[in-house]
Amino acid sequence: MNTAAPGLPADQPEEVSGSPSQAELLDLEAALAARPEFQPHKAPELDPTVKPILTVENLKMYFPVKSSGLIRRTIGQVQAVDGVSFEVPTGGSLGLVGESGCGKSTMGRLITRLYKPTSGRIEFDGTDLAPLSTRELKPYRSDVQMIFQDPYSSLNPRHTVGTIVGAPLVIHDVVPKKQVLTRVQELLEVVGLNPEHYNRYPNEFSGGQRQRIGIARALALQPKLMVADEPVSALDVSIQAQVVNLLQDLQREFGIAFLFIAHDLSIVRHFCPEVAVMYLGKIVEIGDRDSIYGHSYHPYTQALLSAVPDVKQAAIGGRRERIMLEGDVPSPINPPSGCHFRTRCPIAREICAKHEPPLLQVGKRHKVACHFPGELGKHPVEPLTSRLLGVDDDGNPDPGGSPDASLVTKPGYDDTWFDLDTKTFGRA
Ligand SMILES: Nc1ncnc2c1ncn2[C@@H]1O[C@H](COP(=O)(O)OP(=O)(O)OP(=O)(O)O)[C@@H](O)[C@H]1O
Ligand code: SF4
Ligand SMILES: [Mg+2]
């Protein structure tokens with residue numbers, strides 16, 4: 001077996017990168033542009049013909065908020081995930097992006113069934129995992145694995161690497177005890193670590209190497225789906241690319257599907273042909289890479305994109321205009337009425353407070369939840385959704401109108417969609 005770490009040039013030792021320049025610190029893309037040896041692999045393409053391995057439908061996770069005192073009553077609910085629907089193709093990957101607290105990790109924990117959802121479906125390979133008991137879930141535990149954000153706290157410092165990576169093999173009894181060590185060494189080799197280091201402790205490894213240990217542990221049971229919860233955000237920029245490349249190599253080699261969770265849009269561009277943007281428990285925009293990065297229609301996505309330094313533009317001496325959002329993210333215990341984003345949206349109008357915008361399909365593989373979808377500054381003057389909702393342009397009841405029955409949000413995409421120019425449903 002090739003002992004070079006997947007994602008690393010054969011003679012490139014990990015983390016011998018020298019001190020990063022100012023440009024490298026800007027962001028991952030800037031670092032990659034400056035360091036050809038850390039170029040990410042070519043981003044995979046979307047294959048719309050592949051069946052989903054995971055279908056999430058109208059998923060909700062409400063955490064109860066209890067009063068203090070002797071008798072602890074439920075006084076509210078944290079609406080961490082609030083009616084989310086999407087698909088992850090078999091062997092493919094979906095990026096899930098959003099600010100801190102928008103519900104990304106809760107989503108990951110629901111899919112791995114570390115949490116039992118309040119309602120909704122989590123259909124994995126044809127089975128709805130949402131209602132299953134702990135005992136009923138056992139056969140699926142090995143199929144869905146999680147890589148955690150923090151490579152420091154997610155590994156037990158008192159256990160050797162061999163014990164950590166071998167634990168799933170022992171617990172699930174997948175190989176005879178005598179073969180556990182051999183399998184552990186194979187896994188360490190696959191993730192680019194020295195197989196002879198199985199008896200070392202996590203503190204003897206760097207951050208990037210620890211994340212490789214976490215990946216080896218997640219790989220041990222040969223999962224079909226991995227939830228990677230910000231797997232590189234705790235690492236230096238130059239190491240991020242190596243770990244992303246490793247994940248991409250593993251995806252290609254073993255056909256593993258990924259839900260790749262990230263804070264910003266720069267890292268998922270290299271990994272995911274499809275991206276979902278979350279705000280306060282809901283998906284506000286989802287689409288293929290070209291739609292999201294090329295012509296996003298939601299003001300929040302555009303604000304996130306404006307925060308990503310554009311390397312090409314920087315090279316010619318310019319910088320994308322930054323869209324600054326005012327205010328903080330509201331509490332998910334008491335989210336704003338109508339559109340959750342309205343308290344920070346620069347173009348919010350009356351209808352935004354009265355009606356939640358439907359997640360409307362507006363392209364072949366593009367959905368957006370906004371009454372005024374379009375590029376900021378060129379967005380429509382009148383809401384495009386009022387007729388569909390059966391209300392007037394201010395969101396008041398329209399005596400002659402009625403809500404369009406087709407507005408139910410489903411996972412995946414239809415063959416027909418709402419054309420933003422003609423304002424009618426049609427097919428390309
Ligand atoms: N076990 C819990 N009990 C109560 N509230 C919770 C629990 N877990 C998460 N929350 C709340 O749910 C919301 C979403 O949290 P979550 O950790 O999913 O966000 P996130 O998008 O992963 O944020 P970050 O980017 O900071 O990791 C937050 O308001 C959080 O405080
Ligand atoms: S629905 Fe209204 S508040 Fe929400 S993003 Fe669109 S314009 Fe802004
Ligand atoms: Mg999180």
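Helices and strands here are DSSP runs, a helix having at least four residues and a strand at least two, numbered from the N terminus. The model on screen is predicted.

**Stop 1: ligand 1**

Select ligand 1 and its shell. Helix α3 gives the most to this shell, with three residues. Now colour α3 (104–111) and β2 (74–89): these are the elements that give two or more residues each. The shell holds 13 residues in total, and the closest are Phe63, Ala80, Ser100, Ser105 and Thr106. Colour by class next. Seven of the shell residues are polar, five nonpolar and one charged.

**Stop 2: the strands β1, β2 and β4**

Stay with β2 and add β1, residues 52–66. The two strands run antiparallel, joined by twelve bridges. For a landmark, pick Pro64: its bridge partner in β2 is Gln77. Then show β4, residues 119–124. This strand is also antiparallel to β1, with five bridges between them. Here, select Lys60 and look across to Ser119 in β4, which stands opposite. With the side chains switched on, keep a general rule in mind. In a regular strand the side chains alternate between the two faces of the sheet.

**Stop 3: helix α7**

Move to α7, residues 207–219. Put a distance between its end C-alpha atoms: they are 18 Å apart. At 1.5 Å a residue, the 13 residues should span 18 Å, so the two values agree. Is this helix enclosed or open? Twelve of its 13 residues are buried, so α7 is largely enclosed by the rest of the structure. The buried set includes Gly208, Arg210, Ile213, Arg217 and Leu219. To see what they pack against, show β6 (144–147), α5 (161–171), α6 (180–190), β7 (225–229) and α8 (237–254).

**Stop 4: Arg344**

Go to the loop between α12 (311–315) and α13 (350–354), where Arg344 is found. Why does Arg344 count as partly exposed? It has 19 other C-beta atoms within 10 Å, and a residue is buried only at 20 or more. Leaving out residues up to four places away in sequence, Arg344 touches Leu325, Glu326 and Gly327. Add Pro330 as well. Its C-alpha atom is separated from that of Arg344 by 9.2 Å, and the two residues are 14 apart along the chain.

**Stop 5: ligand 2**

Finish at ligand 2. Among the residues surrounding it are four cysteines to select: Cys339, Cys345, Cys352 and Cys370. Add Phe341, Arg342, His371 and Phe372, which also belong to the shell. Pro299, Ile347, Ala348 and Pro357 surround this ligand too. By class, the shell divides into ten nonpolar residues, one polar and one charged.

Methods:
Residues numbered from 1 in each chain as written. Chains lettered and ligands numbered in written order. Predicted model: local features only at pLDDT ≥ 70, side-chain atom pairs only at ≥ 80, totals over all residues. Near = placed C-beta within 6 Å. Nonpolar A, V, L, I, M, F, W, Y, C, P; charged D, E, K, R; others polar. Expected span 1.5 Å × (residues − 1). Contact = placed C-beta atoms within 7 Å. Pairing = 2+ DSSP bridges.
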